[in-house]
Amino acid sequence: MLKDSCPGSREIRTPYPEDIKCFWCDTVSEIWSDEVETICKGCGRTISREMEPTCIDWCPAAKECVGIEKYERLMKGRDKCGGGVDGT
Ligand SMILES: [Zn+2]
């Protein structure tokens, strides 16, 4: 493992809960800092949000830093927002 990660990836490696308000029913649900979307506990719909730009966008060691699984999940969430996913 890397001896000490950069501060930017800390919230992804050590997620913390945040409040997110449902677009449809205004119920406040919890979303973790490493999650792009969560299920509303009020209406059961998926609530997604825009992720803040982080070092994983540009850091060449990002995959090793946060782990390949999280890296790909975060990147997949972003592609959804931008559109133009080509399945590869
Ligand atoms: Zn809802």
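## E35 and its surroundings

At 26% relative accessibility, E35 is partly exposed. This is a predicted model. E35 sits in the loop between β2 and β3. Beyond its neighbours within four places in sequence, E35 is in contact with R49, M51 and R73. E35 and P15 are 20 residues apart along the chain, and their C-alpha atoms are separated by 8.6 Å.

S33 belongs to the loop between β2 and β3 as well. Is S33 buried or exposed? S33 counts as buried, because its relative accessibility is 2% and the cut-off for buried is under 20%. With neighbours within four places set aside, the contacts of S33 are E11, T14, P15, Y16, E18, R49 and M51. R49 and M51 thus appear for S33 and again for E35.

## Overall fold

The protein has three helices and four strands. From the N terminus on, the order is α-β-β-β-β-α-α. The chain counts 88 residues, and 28% of them are buried.

Contacts in the protein between residues at least 6 apart in sequence were also sorted by separation. Of these, 31% join residues at least 24 apart.

## The zinc site

Which residues coordinate the zinc ion? The donors are the SG atoms of C22, C25, C40 and C43, at 2.3 Å. Angles among the four donor atoms run from 102 to 118°. The site is therefore tetrahedral, as all angles must lie between 85 and 135 degrees for that label. Along the chain, the donors of the zinc ion follow the spacing C-x2-C-x14-C-x2-C.

C22 lies in the loop between β1 (17-21) and β2 (28-32), while C40 lies in the loop between β3 (37-39) and β4 (46-48). The pair therefore ties together parts that are 18 residues apart in sequence. Both C22 and C40 are buried.

## D26, in the loop between β1 and β2

D26 also has its place in the loop between β1 and β2. Its phi is near 65°, a positive value in a residue other than glycine. D26 is partly exposed, with a relative accessible area of 47%. That value falls between the cut-offs of 20% and 50%, so D26 is neither buried nor exposed.

## The largest pocket

How much space lies in the largest pocket? The volume is about 170 Å³. The lining holds 14 residues, and the closest to the centre are E11, S33, R49, M51 and E52. Two elements, α1 (10-13) and α3 (68-82), give two or more residues to this lining.

By class, the lining of the largest pocket has seven charged residues, five nonpolar and two polar. S33, one of the residues closest to the pocket centre, is in contact with E11, R49 and M51, among others. E35 is likewise in contact with R49 and M51.

## K63 in helix α2

K63 is part of helix α2, which covers residues 62-66. The relative accessible area of K63 is 39%, so this residue counts as partly exposed. Once neighbours within four places in sequence are left aside, K63 is in contact with I68 and Y71.

Note on methods: Residues are numbered from 1 along each chain as its sequence is written. This is a predicted model: local features need pLDDT of at least 70, side-chain atom pairs count only at pLDDT 80 or more; totals for chains, interfaces and linings use all residues. Side-chain values use heavy atoms; hydrogens and water are left out. Donors are N, O and S atoms within 2.8 Å of the metal (3.2 Å for Na, K and Ca); water is not among the atoms, so sites may look incomplete. Four donors count as tetrahedral if all angles lie between 85 and 135 degrees; four count as square planar and six as octahedral if opposite donors are over 155 degrees apart and all others between 65 and 115; anything else is irregular. Buried means under 20% relative accessible area, exposed over 50%, partly exposed in between (1.4 Å probe, protein chains only). On a 1 Å grid over the protein atoms alone, a cavity is a set of points where a 1.4 Å probe fits but cannot get out, and a pocket is an open set with protein on both sides within 12 Å along at least five of seven lines; lining residues have an atom within 4 Å of a point. Grid points are joined across faces, edges and corners, and a volume is the space filled by probe spheres set on the points. Ala, Val, Leu, Ile, Met, Phe, Trp, Tyr, Cys and Pro count as nonpolar, Asp, Glu, Lys and Arg as charged, and the others, Gly among them, as polar. Contact means heavy atoms within 4.5 Å.
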